[in-house]
Amino acid sequence: MNIGIISDTHGCAKTWETIYDKYFTQCDFIIHAGDILYHGPRNDIPAEYNPKQLANVLNDCPIPIIAACGNCDAEVDSMVLNMPIQSPYTYTMVDGLRIIATHGHNLTDDAKKEMAIKFKANLFITGHTHVAVLEKNNNIVYLNPGSPAMSKRADGLGTFARLTGDTIEVLDAMSGQVLMSERL
């Protein structure tokens with residue numbers, strides 16, 4: 001099993017293409033935790049902002065993409081993407097692994113834990129903060145892959161994640177360096 005995990009691309013087509021070409025081409029599928037095309041009213045417009053190009057690249061992606069709806073995703077985004085943007089969360093089972101993805105902008109940490117427990121998740125994915133988090137609590141792994149192009153990390157590194165076998169890694173979007181790792 002090889003799953004690419006990303007969030008908060010915010011219309012940054014070049015960064016998506018770099019990550020896809022270097023890290024996602026061998027994935028079975030990709031999970032996107034929301035905020036796909038629009039940069040959002042609280043964010044500056046990134047220099048590489050090109051939501052139309054990103055939509056085209058995502059539409060041409062040969063690997064299935066499972067996407068949750070973020071707070072910056074709108075109905076018009078669904079009109080230009082040929083994949084469903086699921087809301088408010090996605091629920092995927094693969095090889096007996098239960099994976100929930102939601103943008104998480106309207107969930108407290110307690111609500112995330114309650115949802116993960118209720119749905120017997122092995123992996124609970126959120127986005128929104130643009131800061132990567134990877135932690136295990138009561139045999140549930142909580143992951144926020146951060147943002148690859150609009151990071152809010154103190155060190156400014158853009159991040160994404162991947163699940164290979166039973167190991168989840170958060171990686172630096174440009175160098176590929178593993179920043180965090182956890183086993184399911």
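Tyr-38 is partly exposed in this predicted model, with a relative accessible area of 34%. The residue is found in the loop between strand E2 (29–32) and helix H2. Leaving aside residues up to four places away in sequence, Tyr-38 touches His-10, Gly-11, Tyr-49 and Cys-72. Thr-126 offers a handy reference point for a reader turning the structure on screen: 88 residues separate Tyr-38 from Thr-126 along the chain, and their C-alpha atoms are separated by 18 Å.

Another loop residue worth a look is Asn-71, placed between strand E3 (65–68) and helix H3 (75–80). With a relative accessible area of 31%, Asn-71 is partly exposed, because this value falls between the 20% limit for buried and the 50% limit for exposed. Its contacts, again without residues up to four places away in sequence, are Asp-35, Arg-42, His-103, His-105 and His-128. Asn-71 and Gly-34 are 37 residues apart along the chain, while their C-alpha atoms are separated by 7.6 Å.

Ile-85 belongs to strand E4 (residues 85–86). Is Ile-85 buried or exposed? The relative accessible area is 15%, so Ile-85 is buried, the cut-off being under 20%. Beyond residues up to four places away in sequence, Ile-85 touches Ile-36, Ala-67, Ala-68, Cys-69, Asp-73, Asp-77 and Ser-78. From Ile-85 to Ile-65 the C-alpha to C-alpha distance is 9.5 Å, with the two positions 20 residues apart in sequence.

Attention now turns to helix packing. Two packed helices are described by the angle between their axes and the distance between the axes. Helix H1 (residues 13–24) packs against helix H2 (residues 51–60) at an angle of about 30°, and the axes lie 8 Å apart. H1 is therefore roughly parallel to H2, since angles under 35 degrees count as such. On the H1 side the contact is made by Ala-13, Trp-16 and Glu-17, and on the H2 side by Gln-53, Leu-54, Val-57 and Leu-58. By residue type, the contact of H1 with H2 comprises five nonpolar residues, one polar and one charged.

Charged pairs come next. Side chains of opposite charge can pair when their charged atoms come close. How many salt bridges does the structure hold? There are four salt bridges, and three of them are described here. Arg-183 and Asp-166 meet through their side chains at 2.5 Å, N to O. This pair links distant parts of the chain, 17 residues apart: Arg-183 sits in strand E12 (residues 178–183), whereas Asp-166 sits in the loop between strand E10 (159–164) and strand E11 (167–172). Asp-166 is partly exposed, with 31% relative accessible area.

A salt bridge also joins the side chains of Arg-153 and Asp-155, with an N to O distance of 2.7 Å. Asp-155 counts as partly exposed at 45% relative accessibility. For Arg-162 and Glu-169, the N to O distance of the salt bridge is 3.4 Å. Glu-169 has a relative accessible area of 19%, so this residue is buried.

Finally, the record adds a domain-level view. UniProt, in an unreviewed entry, places the feature "domain: Calcineurin-like phosphoesterase" at residues 1–164. Over residues 1–164 the chain is 23% helix and 28% strand. The end C-alpha atoms of this stretch are 6 Å apart.

Key
Residues are numbered from 1 along each chain as its sequence is written. This is a predicted model: local features need pLDDT of at least 70, side-chain atom pairs count only at pLDDT 80 or more; totals for chains, interfaces and linings use all residues. Side-chain values use heavy atoms; hydrogens and water are left out. UniProt positions are given in the numbering used here, feature names are shortened, and annotations may be inferred rather than shown by experiment. Helices (H or I, at least four residues) and strands (E, at least two) are DSSP runs, numbered from the N terminus. Axes are lines fitted to C-alpha atoms, for helices over the stretch in contact, and angles run from 0 to 180 degrees between N-to-C directions. Angles under 35 degrees count as roughly parallel, over 145 as roughly antiparallel, 65 to 115 as roughly perpendicular and the rest as oblique. Contact means heavy atoms within 4.5 Å. Ala, Val, Leu, Ile, Met, Phe, Trp, Tyr, Cys and Pro count as nonpolar, Asp, Glu, Lys and Arg as charged, and the others, Gly among them, as polar. Buried means under 20% relative accessible area, exposed over 50%, partly exposed in between (1.4 Å probe, protein chains only).
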